[in-house]
Amino acid sequence: MTKTYYFFGEWRKKDIDFLNSLGLDRDVELGADSFSIREGEIYSKIIDHFSKKKPLFGKVRPEGYICRPSTTLFSKQDLDESPYFWLRGAAVHITGFSPYDAKYEDMFDFECSECRTARKQLQHYRFSEPKLGKKNAAFVLHYQDDLFFKKDFYEKVLHPYGVGCQDYIVAATGKVSESYVQLELPIAKSPLHIEGTAYDTEEHCGTCGRKQYSIQILDFFPPFKESFDFHLCKTQEMFGGSQRVMISRELTERLLEEKVLKYVDYQLVPIASI
Ligand SMILES: [Zn+2]
């Protein structure tokens with residue numbers, strides 16, 4: 001696992017002289033600019049440099065200076081050792097759709113209108129069928145936790161694993177889609193071991209007291225507190241308005257075999273071992 005960090009500042013001449021002497025991937029420009037780097041020697045040099053004691057004249061840090069974790073990269077070994085994953089990939093992201101659109105208002109029930117947690121789907125989705133390429137089997141909507149698969153693929157690959165599905169309606173015809181189904185993803189039987197981890201960044205909602213967790217990938221994904229059998233499920237916890245879809249190793253292997261998923265860390269995020 002390698003963490004990467006994001007830097008931003010209104011860099012001055014002396015800042016870019018220093019930064020550009022370090023051999024970053026590209027030159028940092030004068031004025032407002034940002035860059036990301038992996039943790040390591042250069043990262044440590046930058047942190048040390050901008051953490052020096054205040055000099056007699058001028059400021060150590062430029063205006064607007066920000067340094068924060070941006071993402072985390074995982075090795076093949078990290079993936080190999082993970083008993084299950086947060087499923088990020090396998091689906092094409094369909095844009096231009098949001099469950100918060102007025103036309104979908106009666107589709108959902110939100111437990112808390114403030115932070116809009118615990119989104120319950122009250123009726124079938126209704127929208128135009130997207131066109132997926134031959135190599136793609138699935139798509140997701142605005143949020144990553146509503147997954148749709150090609151109907152034939154679902155029958156062949158997912159149904160044997162006990163994954164449920166429901167219809168959706170093609171908006172133009174008002175009829176059930178013949179091409180795709182929406183997966184029914186049960187809620188995980190256990191909460192995540194997430195308190196105090198890198199993902200535990202947000203405050204409690206002032207209205208319902210529930211927490212949202214970081215949408216970024218800041219570390220290994222937290223494991224479930226208690227183990228239980230599943231192939232696909234949604235976390236109990238919310239991450240910036242959506243739940244995370246978790247997938248078993250067995251079903252992961254099956255999707256890899258079908259080549260609708262890649263064994264890479266931007267599609268599969270490994271779980272921390274306790
Ligand atoms: Zn709330």
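A residue is taken as exposed if 12 or fewer other C-beta atoms lie within 10 Å of its own, and as buried if 20 or more do. The views below use these terms for a predicted model.

**View 1. K259, an exposed loop residue after helix α5.** K259 directly follows α5. The residue sits in the loop that links α5 to β18. Its phi is positive, near 60°, and K259 is not a glycine. K259 has 9 C-beta neighbours inside 10 Å and therefore counts as exposed.

**View 2. Helix α5 has a buried side and an exposed side.** The helix covers residues 249-257. Its buried residues include L251, T252 and L255. These residues lie on the same side of α5, because they cover an arc of only 105° around the axis. E250, E253 and E257 lie on the other side of α5, and these residues are exposed.

**View 3. Strands help to cover the buried residues of α5.** Among the elements of this cover are β4 (84-87) and β16 (232-239). The cover also includes β17 (242-248) and β18 (268-270). Strand β18 appears in View 1 as well, at the other end of the loop that holds K259.

**View 4. An open antiparallel sheet of three strands.** The strand order is β2-β1-β3, and the pairing is antiparallel. Strands β2 (31-38) and β3 (63-73) form the edges, each pairing on one side only. Neighbouring strands in this sheet are turned by 15° against each other on average, direction ignored.

**View 5. The pairing of β1 with β2.** Strand β1 spans residues 2-11. Eight bridges join β1 to β2, and the two strands run antiparallel. At one position in this pairing, F7 stands opposite F35 in β2.

**View 6. A second open sheet, with mixed pairing.** Three strands form this sheet too, in the order β8-β12-β13. Its pairing is mixed. The edge strands are β8 (126-127) and β13 (175-176), and each of them pairs on one side only.

**View 7. The pairing of β12 with β13.** Strand β12 takes in residues 169-170. Two bridges connect β12 and β13 in the antiparallel sense. Here I169 stands opposite V176 in β13.

**View 8. Where domain 1 touches domain 2.** The domain assignment places residues 2-73 in domain 1 and residues 78-270 in domain 2. Taken over C-alpha atoms, the domain centres are 36 Å apart. Five residues from domain 1 and five residues from domain 2 make the contact. On the domain 1 side, the touching residues comprise two nonpolar, three polar and no charged.

**View 9. The chain as the setting for the close-ups.** The protein chain holds five helices and 18 strands. Its C-alpha trace spans about 70 × 40 × 40 Å along the principal axes. The chain has 274 residues, of which 27% count as buried. Among contacts with a separation of 6 or more, 68% come from residues 24 or more positions apart.

Technical notes. Residues numbered from 1 in each chain as written. Predicted model: local features only at pLDDT ≥ 70, side-chain atom pairs only at ≥ 80, totals over all residues. Pairing = 2+ DSSP bridges. Helix = DSSP H or I, 4+ residues; strand = E, 2+ residues; numbered from the N terminus. Axes fitted to C-alpha atoms, helices over the stretch in contact; angles between N-to-C directions. Contact = placed C-beta atoms within 7 Å. Arc of directions from axis to C-beta. Domains from an automatic or database assignment. Nonpolar A, V, L, I, M, F, W, Y, C, P; charged D, E, K, R; others polar.
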